[in-house]
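Biologist: Please take a close look at the place where the two chains meet. I should like a connected account of how the strands pair there and how the copies are related.

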Protein chains: 2
Amino acid sequence: MSETTLDVLGIGNAIVDVLAHADEGFLVENELAKGAMTLIDAERSERLYDRMGPGIEVSGGSAANTMAGIAAFGGRAGFIGKLRDDQLGRVFAHDIRAAGVAFETPLAADGPSTARCLILVTPDAQRTMSTYLGACVELGPDEIDEAAVASAAITYLEGYLWDPPAAKEAFRKAHRIAHDNGRRVALTLSDPFCVDRHRDEFRALVGDHIDILFANEAEIVSLYQAADFDAALQDVRGHCAIAALTRGPKGSAIVADGEVHVIDAQPVAHVVDTTGAGDLYAGGFLYGLARGFDLARCARLGGLAAAEVIGHMGARPEADLVRLAAAELD
Amino acid sequence: MSETTLDVLGIGNAIVDVLAHADEGFLVENELAKGAMTLIDAERSERLYDRMGPGIEVSGGSAANTMAGIAAFGGRAGFIGKLRDDQLGRVFAHDIRAAGVAFETPLAADGPSTARCLILVTPDAQRTMSTYLGACVELGPDEIDEAAVASAAITYLEGYLWDPPAAKEAFRKAHRIAHDNGRRVALTLSDPFCVDRHRDEFRALVGDHIDILFANEAEIVSLYQAADFDAALQDVRGHCAIAALTRGPKGSAIVADGEVHVIDAQPVAHVVDTTGAGDLYAGGFLYGLARGFDLARCARLGGLAAAEVIGHMGARPEADLVRLAAAELD
């Protein structure tokens, strides 16, 4: 097996987030499912944007956030995702490269505009997301750079890729290349509604092709249609090699063939915006795995990165994670 | 004199800010004048952006920030400024309207792209700005809506308008209409380098056409080439009817014909980013004037709005200024 040039290659929807504060009444009036990610078309996106308060634009996208987290720890991360060559596309491309992530996917010269996720942050710091996929629907197997996948120790895929039509094929191509080259494949289930949309396929995928699974409580319970978290934990044990299950302030549980760890959450003084908590948990965890740390230490790094990102608006780390990790782990 | 439909109409450069953290070394390497606003062309803007860290995009522009502040207090604010009809232009237009500011300037279908200000925030919370004026160079007398100016109790102009070529004429048209209709005209000097570029014209303007002047310490000292702040204060007294002079953590001094007030700054727990401090001070002050408050109370409202905006990234208010003002003033 050849040397790796990347610790983790993430493949996902390339999205610019538009974050605004909103109250609960706004969610009700606009029939938004609180805490969830809902797909919307261009027209609904325009209408919702018109009604929203002033926003801030920040690069986002689940797998892209995770890769930014890995790079912030000092890991070698790459990203594949589809943008349109427009102003927001160039913002995304700038930001991911400036975060230290290798990004080579060509920007589309025409077609739908760069994807946008309208994120409403309520006073309880919960985020409710409405995504217009835009250029992401153009992601297909052609965008999967075989050499990049083959050179990454872990290929990380987001469940959200099951939504745009051609991305599923890209997803399958990526896990084939990874396994053919003796690499590992990780998946995040992304969102409980996403699991609802694709449950049977996801369950087969987890059992057959995934080495490392990330899910929060609602997602893993939905995947197995389990009675509760513990039942889902029993279901996933033995179904894939490593599962990292996050539970917000209750911390996380790591389930592997021979071991189970229950790790407390990192305390957070003031939760501002939970956007990106799961993404950054995965970033810290995967960075730890790539460094060969034990599973409990990987989980602590995940918790550390999640705690940082929920302390401010936006889903990419702002603090120096290398320094935070050194302080935590030494 | 007819009834007003606006408390304040602001005219200024319509700019989207791109904020990123940077260390002092980055400013030195890129020959950036710390704390200042420097005009750059499209090519230099691209080069600097390529080197900057990941950013967040937030609507900005000095006078526009001030109008957002007035609206956040519950005042009736309008804005005139030139955007290109591109993604960032539509972001700016959305944000200013969502902030409750009337904005009717048509977006340009072609020409330079929407203006962008690259703002580097150093660990001491100082901001260093590099502005590509883009579509702002298209602002001219045609954009000045005579009815809007005539209907506003105060027309507020930013000194930065002296930079793009045609805006100066727009500026002159606006103060003529305002005075012909018995309204007041306010000006902010914007930036000490801007004052350096246009000192003689600014001095004549302040003496002849401005009723309310906003300046910080460096700007007012530069305007009169005074030995120190107190000397500049003596120079401005009698030169224009009201001058509001800000001094950062030292508070502000209000100089009017018959009175001088020295008002302490509002304490701030943790200064994150000083971008917009002067803009929001002007917003609070003008809101107070429009409500007929005395000058000391206007200054306290200015200090309150400035204190709010330096507590977070970005130059538009995030907190509920109506509530803050009620708590402060009652």
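Modeller: In this predicted model, strand E4 (residues 56-59) of chain A pairs with E4(B) in the antiparallel sense, and three bridges join the two strands. One of the pairings can be followed by residue: A:Val58 has B:Ile56 as its bridge partner in E4(B).

The strand pair belongs to a wider contact, to which chain B gives 19 residues and chain A gives 19 residues. On the side of chain B that touches chain A, strand E4 (56-59) and helix H4 (87-98) each supply at least two residues. The largest share of that side comes from H4(B), with six residues. Sorted by class, the side of chain B that touches chain A holds nine nonpolar residues, six polar ones and four charged ones.

As to how the copies face each other, 100% of the interface residues of chain B are also interface residues in chain A, so the copies meet through the same surface. The overall arrangement can be stated as an operation: a turn of 180 degrees, with a shift of 0.0 Å along the axis, lays chain B on chain A with an RMSD of 0.0 Å. This is the relation of a two-fold axis. Within chain B, the C-alpha nearest the axis belongs to B:Glu57, at 2.4 Å from it. To return to the strands, residue 57 falls within the range 56-59 given for E4 of chain B, the strand that pairs in the antiparallel sense with E4 of chain A.

Terms used. Residues numbered from 1 in each chain as written. Chains lettered and ligands numbered in written order. Predicted model: local features only at pLDDT ≥ 70, side-chain atom pairs only at ≥ 80, totals over all residues. Least-squares fit on C-alpha atoms with pLDDT ≥ 70 in both. Contact = placed C-beta atoms within 7 Å. Helix = DSSP H or I, 4+ residues; strand = E, 2+ residues; numbered from the N terminus. Nonpolar A, V, L, I, M, F, W, Y, C, P; charged D, E, K, R; others polar. Pairing = 2+ DSSP bridges.
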